[in-house]
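Student: Could we go through this structure together, one question at a time? I am new to it and would like to see how each answer is reached.

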Amino acid sequence: MANGSTIVLLMTRSLAPLLLLCVVACSEEPETPFFLEGELGGCGSVVLDRTPDQVTCPDECPIAVQAYRVRDNRSCERASTQYVACVTVPGGKGTPGAGVLETPDGVIYVDSPAYDCGSDGCATVETAVLDRWTTCAESGDEGCDCVCQGGECAYDRFVGTLDSCNLPAACDPLTGDEELTPEQLQCYMDVLADGGPIELEFDVQARHHITGAQVTARRIFAVAGRTVTRLDSVAFDRPAATCELQSTAFFFNCDPEDPVDINIEDEDGLVQRRPCTDPQTWVINCASSEPVCPS
């Protein structure tokens with residue numbers, strides 16, 4: 001019995017350095033979890049049931065982007081559960097593109113068309129998300145066809161939808177650097193007071209929803225009656241919204257030569273004062289939706 005106890009003791013002592021070595025090694029390379037709960041993200045993981053504005057990401061992967069599952073590869077229907085991934089872009093710029101995360105419960109995707117729309121299509125770019133993620137180009141997963149949509153941006157597809165509505169562009173466009181004259185603005189006041197129909201494009205200063213930078217963005221209104229379909233070129237996840245046109249009295253009382261200031265809420269929920277001739281004041285009560293011809 002004594003000899004047996006001595007052998008066990010010697011074996012235990014001989015294993016101790018190995019156990020210590022394992023503890024050190026494991027502490028240096030911890031297993032990254034797939035799923036996190038709460039509001040703190042992690043590189044190579046996803047946070048459950050959150051939106052990007054609700055998640056704080058670490059410095060190593062500081063950009064929070066929406067991630068999701070595709071329920072049906074034929075219809076491209078997304079599952080209702082939302083996820084947020086923390087990604088990084090070298091130098092704050094680049095093309096993360098479409099990332100694929102394999103999990104025991106199926107594939108999760110992240111698509112950041114903010115960086116690659118209008119270039120070579122999201123299926124061909126490299127991703128800068130960290131650990132466990134791969135690209136759609138490397139993965140070849142069938143669901144990537146739903147993520148990349150053939151390399152097109154949703155905004156571009158939706159522009160085509162509104163173009164098919166054949167709404168007139170009754171007044172001079174509001175794009176470019178040239179300021180419109182009171183006479184040109186009065187055209188909009190008259191048409192919108194009647195509820196259109198009209199389609200108009202204009203440039204606004206908006207916040208890039210991934211980088212947070214202030215950029216010049218293209219916005220489109222398709223107006224018929226009091227219903228407005230709005231497209232926003234920097235709202236990448238949900239670029240389309242249905243809004244309500246301001247009242248007839250709003251446009252009758254807006255004098256382009258002496259416009260009154262209107263309170264509007266910006267992207268941060270702060271109230272700003274803008275003249276009634278600013279197209280951003282022309283709609284209220286916007287909610288995300290699929291783009292349809294207004295009627």
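Student: Which residue does Cys171 join in a disulfide?

Tutor: Let's start from the sulfur atoms, remembering that this is a predicted model. A pair counts as a disulfide when the cysteine sulfur atoms lie within 2.5 Å. The sulfur of Cys171 has such a partner at 2.0 Å, and that partner is Cys187.

Student: How many residues apart in sequence are the parts that Cys171 and Cys187 tie together?

Tutor: Look at where each one sits. Cys171 is in the loop between H5 and H6, while Cys187 belongs to helix H6 itself. The pair therefore ties together parts separated in sequence by 16 residues.

Student: Is Cys187 buried or partly exposed?

Tutor: Buried means under 20% relative accessible area, and exposed means over 50%. Its partner Cys171 has 10%, so Cys171 counts as buried. Cys187 has 24%, so the word for Cys187 is partly exposed.

Student: What is the handedness of the disulfide of Cys165 and Cys293?

Tutor: Here the two sulfur atoms are 1.9 Å apart. The torsion about the S-S bond is about -95°, so this disulfide is left-handed.

Student: How many residues apart in sequence are the parts tied together by Cys165 and Cys293?

Tutor: Cys165 lies in the loop between helix H5 (154–163) and helix H6 (182–193). Cys293 is found in the segment after strand E16 (283–288). The disulfide therefore ties together parts whose separation in sequence is 128 residues.

Student: Which of these two, Cys165 or Cys293, is buried?

Tutor: Let's use the cut-off of 20% again. Cys293 has 38% relative accessibility, so Cys293 is partly exposed. With a relative accessible area of 15%, the buried residue is Cys165.

Student: Is the disulfide of Cys254 and Cys276 left-handed or right-handed?

Tutor: The sulfur atoms of Cys254 and Cys276 are 2.0 Å apart, and both residues are buried. The torsion about their S-S bond is about 90°, so the disulfide is right-handed.

Student: Where does Cys276 lie?

Tutor: Cys254 is in the loop between helix H7 (248–252) and strand E14 (261–265). Its partner is 22 residues away, and this pair links distant parts of the chain. Cys276 lies in the loop between strand E15 (271–275) and E16.

Student: How many disulfides are there in the whole structure?

Tutor: We have met several, including the pair Cys171 and Cys187. The chain around them has 7 helices and 16 strands. Searching the whole structure gives a number of disulfides equal to 6.

Note on methods. Residues are numbered from 1 along each chain as its sequence is written. This is a predicted model: local features need pLDDT of at least 70, side-chain atom pairs count only at pLDDT 80 or more; totals for chains, interfaces and linings use all residues. Side-chain values use heavy atoms; hydrogens and water are left out. Helices (H or I, at least four residues) and strands (E, at least two) are DSSP runs, numbered from the N terminus. Buried means under 20% relative accessible area, exposed over 50%, partly exposed in between (1.4 Å probe, protein chains only).
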